[in-house]
Amino acid sequence: MTEPVLETRGLSKAFGALKATEDVSVALHPGEIHAIIGPNGAGKSTLIAQICGALVPDAGQVRLMGRDVTRLPVPARARAGLARTFQISQLAMEDTVLQNALLGALGASGRPWRFLRPALGDQSLRERAEAALERVGLAAQAATRTAELSHGQRRQLEVAVALTLAPRAFVMDEPMAGLGAEGSARLTRLLDGLRAEAPILLVEHDMDAVFALADRVSVLVYGRVIASGSVDEIRRDPAVREAYLGDSA
Ligand SMILES: Nc1ncnc2c1ncn2[C@@H]1O[C@H](COP(=O)(O)OP(=O)(O)OP(=O)(O)O)[C@@H](O)[C@H]1O
């Protein structure tokens with residue numbers, strides 16, 4: 001099997017007596033979408049925070065392309081190729097769509113934020129941001145104020161911001177949240193194509209999207225991975241059905 005692009009080994013994090021993640025080992029391989037599912041409070045956000053560097057684990061490792069990045073801060077991990085999209089939008093609503101995409105390109109270039117204004121005139125950064133907007137279907141909205149976008153378009157823009165980082169791996173926290181059927185279908189198509197550029201670790205409650213997209217699913221319950229396998233294996237797993245899937249399987 002190929003070397004994982006992103007991997008956790010035995011990640012554990014406790015808040016007082018509560019073990020939010022316990023000995024979590026998951027691997028993300030080239031070209032795949034690996035979904036992490038689990039009930040509310042299972043530890044999914046805590047896991048993502050440790051992977052991206054917002055939370056320091058009590059034990060275990062995060063590895064990106066074979067390198068131990070467990071102690072690297074968030075911006076260094078982003079520059080190393082880990083692109084995250086958030087459950088709650090981090091977009092600058094008063095800025096244009098292109099300016100938001102440029103922020104991502106700027107982050108990738110390693111330059112500080114105060115250089116945003118000059119960056120608007122930097123041809124190569126601009127081309128990178130425009131290519132990302134084209135890729136997610138927002139090229140026509142480049143000059144639109146972000147606040148004027150629909151909820152679904154903002155999700156597409158978040159993917160564009162992540163794309164301008166030229167990521168080696170995406171980590172996405174509930175990208176389908178709040179989207180209607182049409183928005184979910186559009187974003188599902190976008191993510192489906194994106195895995196060829198960089199694999200995606202996808203935390204998602206929308207089971208239609210998970211079952212349509214995931215090459216592999218890991219199920220987190222009370223901070224532990226109780227099962228990991230293909231969509232079919234997970235749907236058939238009696239422990240998963242009992243703990244989580246219920247009727248939706
Ligand atoms: N900073 C914190 N301090 C104390 N407890 C926390 C903290 N962050 C999370 N927890 C607890 O850790 C457990 C895991 O929470 P987490 O948010 O990671 O779950 P989740 O699977 O992401 O849930 P959801 O699907 O609702 O987003 C929960 O019991 C939560 O209350």
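User: What makes Met 65 stand out in the hairpin of E5 and E6?

Analyst: In this predicted model, the hairpin of strands E5 and E6 has 2 residues between the strands, and Met 65 there takes a positive phi near 50°. Most residues other than glycine have a negative phi. Met 65 is a residue other than glycine, and its value is positive, which is what sets it against that general pattern.

User: How do you know that E5 and E6 are paired strands?

Analyst: Two strands pair if DSSP finds at least two bridges between them; 2 bridges join E5 to E6, which run antiparallel, so the pair meets that criterion. Within this pairing, Arg 63 has Asp 68 in E6 as its bridge partner, and Met 65 lies in the loop between E5 (59-64) and E6 (67-68).

User: Why is Met 65 called partly exposed?

Analyst: A residue counts as buried with 20 or more other C-beta atoms within 10 Å of its own, and as exposed with 12 or fewer. Met 65 has 15 other C-beta atoms within 10 Å, so it falls in between and is partly exposed.

User: Which strands does E1 pair with, and how do you know?

Analyst: Strand E1 (residues 6-15) pairs with E2 in the antiparallel sense over 4 bridges, and 5 bridges join E1 to E5, again with an antiparallel run. Since at least two bridges are required, both count as pairings. On the E5 side, Ser 12 has Ala 59 as its bridge partner, while on the E2 side Phe 15 stands opposite Leu 18. E1 and E2 form a hairpin with 2 residues between them, and Gly 16 in the turn has a positive phi of about 60°.

User: What makes up the shell around the ligand, and which element gives the largest share?

Analyst: The ligand is surrounded by Phe 15, Leu 18, Ala 20, Gly 38, Asn 40, Gly 41, Ala 42, Gly 43, Lys 44, Ser 45 and Thr 46. Strand E2 (18-24) and helix H1 (44-52) are the elements that give two or more residues to this shell, and the largest share, 3 residues, comes from H1. By class, the shell has 4 nonpolar, 6 polar and 1 charged residues; Gly is counted among the polar residues, which is worth keeping in mind when reading that tally.

User: What makes H1 a largely enclosed helix?

Analyst: Of the 9 residues of H1, 7 are buried, so the helix is largely enclosed by the rest of the structure. The buried residues are Lys 44, Thr 46, Leu 47, Ile 48, Gln 50, Ile 51 and Cys 52; of these, Lys 44 and Thr 46 are also named in the shell around the ligand. H1 is followed by Gly 53, whose phi is positive, near 105°.

User: How do you know that the largest nonpolar core lies between the two domains?

Analyst: The domain assignment of the chain gives domain 1 (6-81 + 167-248) and domain 2 (93-154), and both give residues to this core, so it lies between them. The centres of domain 1 and domain 2, taken over C-alpha atoms, are separated by 27 Å. The core has 68 residues, of which Ala 101, Ala 160 and Ala 169 touch the most other members, and helix H3 (residues 97-109) gives the most to it, with 7 residues. Leaving out residues up to four places away in sequence, Ala 101 touches Ala 129, Ala 132, Leu 133, Ala 160, Val 161 and Thr 164.

User: Why is Ala 198 called buried, whereas Arg 168 is called partly exposed?

Analyst: The cut-off for buried is 20 or more other C-beta atoms within 10 Å. Ala 198 has 22 and is therefore buried, whereas Arg 168 has 18, which leaves it partly exposed. Arg 168 is in the loop between H6 and E8, and Ala 198 lies in the loop between helix H7 (181-194) and strand E9 (200-203). Beyond its neighbours within four places in sequence, Arg 168 is in contact with Val 5, Leu 64, Met 65, Gly 81 and Ala 198.

Conventions
Residues numbered from 1 in each chain as written. Predicted model: local features only at pLDDT ≥ 70, side-chain atom pairs only at ≥ 80, totals over all residues. Domains from an automatic or database assignment. Near = placed C-beta within 6 Å. Core = buried A, V, L, I, M, F, W, Y, C linked by C-beta atoms within 7 Å. Contact = placed C-beta atoms within 7 Å.
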